[in-house]
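Please open the model in your viewer and keep the sequence panel beside it. The stops below go from a surface site to the interior and end with an overall view.

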Amino acid sequence: MSDQGTERESWGPYPLILAGAAVGVVAIFFVDPRWGGFALGAVVMVAAALRFAGYGGQLSVRSKRTDVTTLAVFGFVLVLTSLLLDDNELKAFILSLFAR
């Protein structure tokens with residue numbers, strides 16, 4: 001039999017991102033929610049960078065621009081939120097930006 005007509009499905013970096021997300025969730029529950037959220041956001045931003053670089057595989061859901069933008073924004077928000085959990089000065093600064 002010949003595989004010429006069938007296209008193989010590429011997983012690409014998907015297992016790496018899945019493993020990193022699992023480590024982030026475990027860190028949220030067993031280590032510290034702040035560091036777990038930071039790790040989870042960092043993994044999502046790595047996924048955005050890999051998707052931007054063309055290593056999509058199973059990370060490719062929509063167009064490249066939409067995937068990269070969505071992953072980057074969600075990753076940035078997760079990292080920012082995790083940094084704001086215990087930092088009252090940074091939290092006050094961010095809230096003062098939106099209070100105007």
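For this tour a residue counts as buried under 20% relative accessible area, as exposed over 50%, and as partly exposed in between. Please keep in mind that the model is predicted.

**Stop 1: a surface patch**

Select valine 26, which you will find in helix α1, the helix that runs over residues 14–30. Buried, exposed or partly exposed: which word fits valine 26? Its relative accessible area is 44%, and because this value falls between the two cut-offs, valine 26 is partly exposed. Now extend the selection to Val25, Phe29, Phe30 and Val31, which together with Val26 make up a nonpolar patch on the surface, with a joint accessible area of about 580 Å².

**Stop 2: along helix α2**

Next, select residues 33–53, which are helix α2. This helix has 21 residues, and the distance from its first C-alpha to its last is 30 Å, close to the 30 Å expected at 1.5 Å a residue. Colour its buried residues, which are Gly36, Gly37, Leu40, Gly41, Val43, Val44, Ala47, Ala48, Leu50 and Arg51. If you then show the surroundings of these side chains, the cover over the buried residues of α2 includes α1 and α3, the latter spanning 64–84. Just after α2, pause at glycine 54, whose phi is positive, at about 100°.

**Stop 3: glycine 41**

Return to α2 and centre the view on glycine 41, a residue of that helix. Glycine 41 has a relative accessibility of 0% and therefore counts as buried. Which residues does glycine 41 contact, once its neighbours within four places in sequence are left aside? They are Gly75, Leu78 and Val79, so a selection of these three will show what glycine 41 meets beyond its sequence neighbours. For a distance to check in the viewer, take the C-alpha atoms of glycine 41 and alanine 72, which are 8.9 Å apart although the two residues are separated by 31 residues along the chain.

**Stop 4: a buried charged pair**

Now move along α2 to arginine 51, which also belongs to this helix, and display its side chain together with that of aspartate 67, a residue of helix α3. How many salt bridges does the structure hold? It holds one, and it is formed by the side chains of aspartate 67 and arginine 51, with 3.0 Å from N to O. Since aspartate 67 lies in helix α3 and arginine 51 in helix α2, the pair ties together parts that are 16 residues apart in sequence. The two side chains are also listed as making a polar contact, again at 3.0 Å. Both partners are buried: arginine 51 has a relative accessible area of 9%, and aspartate 67 has one of 3%.

**Stop 5: the whole protein**

Finally, zoom out and show the chain as a cartoon, where the secondary structure amounts to four helices and zero strands, in the order α-α-α-α along the sequence. Of the 100 residues of the protein, 24% count as buried. The protein exposes about 7400 Å², of which carbon and sulfur atoms supply 67%. Among the contacts between residues at least 6 apart in sequence, 57% join residues at least 24 apart.

Notes: Residues numbered from 1 in each chain as written. Predicted model: local features only at pLDDT ≥ 70, side-chain atom pairs only at ≥ 80, totals over all residues. Heavy atoms only, no water. Helix = DSSP H or I, 4+ residues; strand = E, 2+ residues; numbered from the N terminus. Buried < 20%, exposed > 50% of the residue type's maximum accessible area, 1.4 Å probe, protein only. Contact = heavy atoms within 4.5 Å. Patch = residues over 30% accessible without salt bridge, like charges linked within 9 Å, V, L, I, M, F, W, Y side chains within 5 Å. Areas by Shrake-Rupley, 256 points an atom, 1.4 Å probe, with all protein chains shown as cover. Salt bridge = Lys/Arg side-chain N within 4 Å of Asp/Glu carboxyl O. Expected span 1.5 Å × (residues − 1). Polar contact = N/O pair within 3.5 Å; in protein donor to acceptor, adjacent residues only side chain to side chain.
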